[in-house]
Amino acid sequence: MNESFALKGKRILITGGTRGIGRAISLRFARAGASVIANYVRDAQAAESLVSEAKAEGLTLVTVRADLNSAKGVEVLVGETERAFPSLSGLIHCAATGVHRPFEQLSLRHFDWTFGLNVRAVFELTQKLLPLFKEGGSILGVSSEGAVRTAPQYTLVGATKGALEAMMRHLAAELAPRGIRVNILAPGTILTDAWRVLPDSEHRLAEAARRSALGRLCTLEEVANAAQFLCSDAASGIVGHTLVVDGGSGIAA
């Protein structure tokens, strides 16, 4: 492997790092030489499975259970990160939640819950962990195509992704002089467990594959590889950029 793409010696915190895209990124980064903390909140079985797989491969990866939709959970994750890492090379925010209902059925409680994890949590974590960052560090917000395109019953989630992207761009400009790069990774339609709760999922997955220039959906591994690139020294000149990984579906007429 070209050394500029390697993550050897880097210390990375990944929120939502035990399932779906987050899990793929956790494993990709650990395999590239990073020490990884993968955060989760509910699915202990998924966390145990990830740790077992990492241990079998001799990777440096641990999990931390913390609910980032609460101030206490943020404090727990910050404390565990400070205890594990003398410095931090990267923060990747994969954790996300959402309520998929027609607009008139959404409540302020749904609004606060969705924005709490998808936006506020990374705001709080970045502020509290900033003293740990060393020059050359990177922050990556994982967005979705819903930030710029509409989807059925996706109003709240799409709004949070748009807010996340805007916040990341402003952070990129503010933190770049301190040697910290901030970017956004925007996967297209990726087959994960999240599709189980989305309306008309089978039709939408088939349509996404049809629109893709590749003729298929992108894989979790392809998204993880893009994340590795953005957090590696190979991307040292990339700041405030949104990297779309959608197999070309976004350019289809």
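Helices and strands here are DSSP runs, numbered from the N terminus. With that in hand, I can place things in this structure, which is a predicted model.

I will start with one residue. Lysine 10 sits in the segment before strand E1, which covers 11-15. Is lysine 10 buried or exposed? The cut-off for buried is under 20% relative accessible area. Lysine 10 has 13%, so the residue counts as buried. Leaving out residues up to four places away in sequence, lysine 10 touches Ala34, Ser35, Ser89, Gly136, Cys231 and Asp233. As for distances, the C-alpha atoms of lysine 10 and phenylalanine 29 are 9.1 Å apart, with their positions 19 residues apart along the chain.

Cys231, one of those contacts of lysine 10, brings us to helix H7. Helix H7 runs over residues 220-231, which is 12 residues. From first C-alpha to last, H7 reaches 17 Å, close to the 16 Å expected at 1.5 Å a residue. Which residues of H7 are buried? They are Val223, Ala224, Ala226, Ala227, Gln228, Leu230 and Cys231. The cover over these buried residues includes helix H1 (20-31) and the strands E4 (88-93), E5 (133-142), E6 (181-187) and E7 (242-245).

After H7 comes serine 232, in the loop between H7 and E7. Serine 232 counts as buried because its relative accessibility is 1%. Not counting residues up to four places away in sequence, serine 232 touches Ser4, Phe5, Ala6, Leu7 and Arg181.

Next, the helix pairs. H1, already mentioned as part of the cover of H7, also pairs with helix H2, residues 44-56. Their axes come within 11 Å and cross at roughly 20°, so H1 and H2 are roughly parallel to each other. The crossing is right-handed. On the H1 side the contact is made by Arg23, Ser26, Leu27 and Arg31, and on the H2 side by Ala46, Ser49, Leu50 and Glu53.

The second pair is H4 and H5. These two pack at an angle of about 20°, with axes 9 Å apart. That angle is why H4 is described as roughly parallel to H5. This crossing is right-handed. Residues of H4 in the contact include Phe111, Phe115, Val119 and Phe123, and those of H5 include Leu156, Thr160, Leu164 and Met168.

Take threonine 160, which lies in helix H5. At 0% relative accessibility, threonine 160 is buried. Which residues does threonine 160 contact, leaving aside neighbours within four places in sequence? They are Thr114, Phe115, Asn118 and Val119.

Last, the cores. In soluble globular proteins, nonpolar side chains tend to be buried together. How many residues does the largest nonpolar core have here? The number is 35, and the residues with the most contacts inside this core are Leu68, Leu125, Ile139 and Met168. At least two residues of this core come from each of helix H3 (71-84), E4, helix H4 (108-129), E5, helix H5 (155-175) and E6. A second, separate core has 31 residues, among them Ile25, Ala34, Ala38 and Val142.

To close, one residue of the largest core, leucine 68. Apart from its neighbours within four places in sequence, leucine 68 is in contact with Thr15, Asn39, Gly73, Val74, Leu77, Gly116, Leu117, Arg120, Ala121 and Leu125. Leu125, in that list, is also among the residues with the most contacts inside the core.

Methods. Residues numbered from 1 in each chain as written. Predicted model: local features only at pLDDT ≥ 70, side-chain atom pairs only at ≥ 80, totals over all residues. Heavy atoms only, no water. Helix = DSSP H or I, 4+ residues; strand = E, 2+ residues; numbered from the N terminus. Expected span 1.5 Å × (residues − 1). Buried < 20%, exposed > 50% of the residue type's maximum accessible area, 1.4 Å probe, protein only. Contact = heavy atoms within 4.5 Å. Core = buried A, V, L, I, M, F, W, Y, C linked by side-chain atoms within 4.5 Å. Axes fitted to C-alpha atoms, helices over the stretch in contact; angles between N-to-C directions. Parallel < 35°, antiparallel > 145°, perpendicular 65-115°, else oblique. Left-handed = near helix turned anticlockwise from the far one by under 90°.
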